[in-house]
Amino acid sequence: MNAIKSWIRRYQLGSLLLLVTVLAVVLPLTLDIFRLNLVGKYLTYAFVAIGLVMVWGYGGVLSLGQGVFFGLGGYAMAMFLKLEASDPISTKIQSTPGIPDFMDWNQITALPAFWIPFQSLGFALLAVVAVPTLLAWIVSFAMFKRRVGGVYFAIITQAVALILTVLIIGQQGYTGGVNGMTDLKTMLGWDTRTDGAKLILYYVCVALLVGAIVLCRWIQTGKFGTLLLAMRDKEDRVRFSGYDVANFKIFTFCLAAALSGVGGALFSLQVGFMSPSFVGIVPSIEMVIFAAVGGRMSLVGAVYGTLLVNAGKTFFSESFPELWLFLMAALFIGVTMAFPMGLAGVWEEQVRPWWKRRREAMRAPAAKAPPPPVLARTAPTPSWPGAEPRPDAIGGQHA
């Protein structure tokens, strides 16, 4: 038991256990399946926020194009689901049965060659991670090896997001265009639209999210995490110590891209569609906001920030449809101005010190209380008449 406690303290998993309790127990017991599915959708964005904690909070590299990798992972899964939904029987009314409907609308008469491998679920799952990671490696290798960083790297990632959005919309016959890929209903014959399927997918998302947090926490507590912090604060000193700074940044950026791809794939499964609206500049900036509100140095805080921002967006858009954008902006500005380190900073800088002071104050009276008085012992009173009681001689002798 002591070994388990020390392991939890070493990797700071107490907050993670609380998060697991909230996600796996409290929310499923208190929310209906519609709201729980919404929370599951929010948690897919949390994969991106966790990646941003690694690449931005620890690595010091701000990326404004993480929606690219989220979208690539989502499109990889959506392509498999769309092909399954486009079997010859379901598409018999088309001019060319057996291909996705948007291809038929654009006079494409055969399945493109790059679509054929996505008929395999195994290949699609591999592509969910491999495609975003490959693009991230190309971009980061070209930039970091030339020591391009800071605001220039942020602008370049924005440009990549814009280019990919234009490409997806322009190639409507191959990607579905601005409408994206819709009507994603089954996976290997399993109907993902039922309440039971939504509940299972929610727990799968929670399990993978916890696994991602544990993986990133393990990296942070090792030598690699120490070097990331050192590179963020004193990059030249780390380089002069003999380390290849570019390789560390490339690995971290690729890790964040892979996590974003997993989140995009889970989004396609839970929501049932994928479109270029999740790839562009605006969603990428929103994902940075998730990490900033939660705390860009805290993995668990990034999850809470994602839930808070998206829950606020849903609440404001339902209750104040004409003002919700202004309310969301006020929420973000207020949180960042009042708590520059996010929700995690509030916990570390205010809640924990207050709780520590409170515990010390509760222990202080007990520590300062005087010891109970020690009563002097007296010798037994003699039983013969006229005898007087005599004091007990401690350490002495009686005549």
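Here is a short walk through this predicted model, from one helix to a pocket and then to a pair of cysteines.

**Stop one: helix 2.** Select residues 14-30, the 17 residues of helix 2. Put a distance between the end C-alpha atoms and you should get 23 Å. At 1.5 Å a residue the expected span is 24 Å, so the two values agree. Now look along the helix for a bend: there is one of about 35° at V22.

**Stop two: its buried side chains.** Keep helix 2 on screen and show L16, L19, L23, L27 and P28, which are buried. Handy to remember here: an α-helix has 3.6 residues a turn, so residues three or four places apart point the same way. What sits over these buried residues? Bring up helix 3 (33-58), helix 9 (195-221) and helix 14 (299-319), which are among the elements covering them.

**Stop three: the second largest pocket.** Hide that lot and select L72, Y75, M79, F114 and T175, the lining residues that lie nearest the centre of the second largest pocket. The full lining runs to 21 residues, around a space of about 450 Å³. For the surroundings, colour helix 4 (66-85), helix 6 (121-144), helix 7 (151-170) and helix 8 (172-175); each of them supplies at least two lining residues.

**Stop four: two cysteines.** Are C205 and C216 buried or exposed? C205 has 0% relative accessibility, so it counts as buried. C216 is buried too, because its relative accessible area is also 0%. While you have cysteines selected, don't go hunting for disulfides: a search of the whole structure turns up zero.

Key: Residues are numbered from 1 along each chain as its sequence is written. This is a predicted model: local features need pLDDT of at least 70, side-chain atom pairs count only at pLDDT 80 or more; totals for chains, interfaces and linings use all residues. Side-chain values use heavy atoms; hydrogens and water are left out. A disulfide is a pair of cysteine sulfur atoms within 2.5 Å. Buried means under 20% relative accessible area, exposed over 50%, partly exposed in between (1.4 Å probe, protein chains only). Helices (H or I, at least four residues) and strands (E, at least two) are DSSP runs, numbered from the N terminus. The expected span of a helix is 1.5 Å times one less than its number of residues. The bend at a residue is the angle between axes fitted to the seven residues ending there and the seven starting there. Contact means heavy atoms within 4.5 Å. On a 1 Å grid over the protein atoms alone, a cavity is a set of points where a 1.4 Å probe fits but cannot get out, and a pocket is an open set with protein on both sides within 12 Å along at least five of seven lines; lining residues have an atom within 4 Å of a point. Grid points are joined across faces, edges and corners, and a volume is the space filled by probe spheres set on the points.
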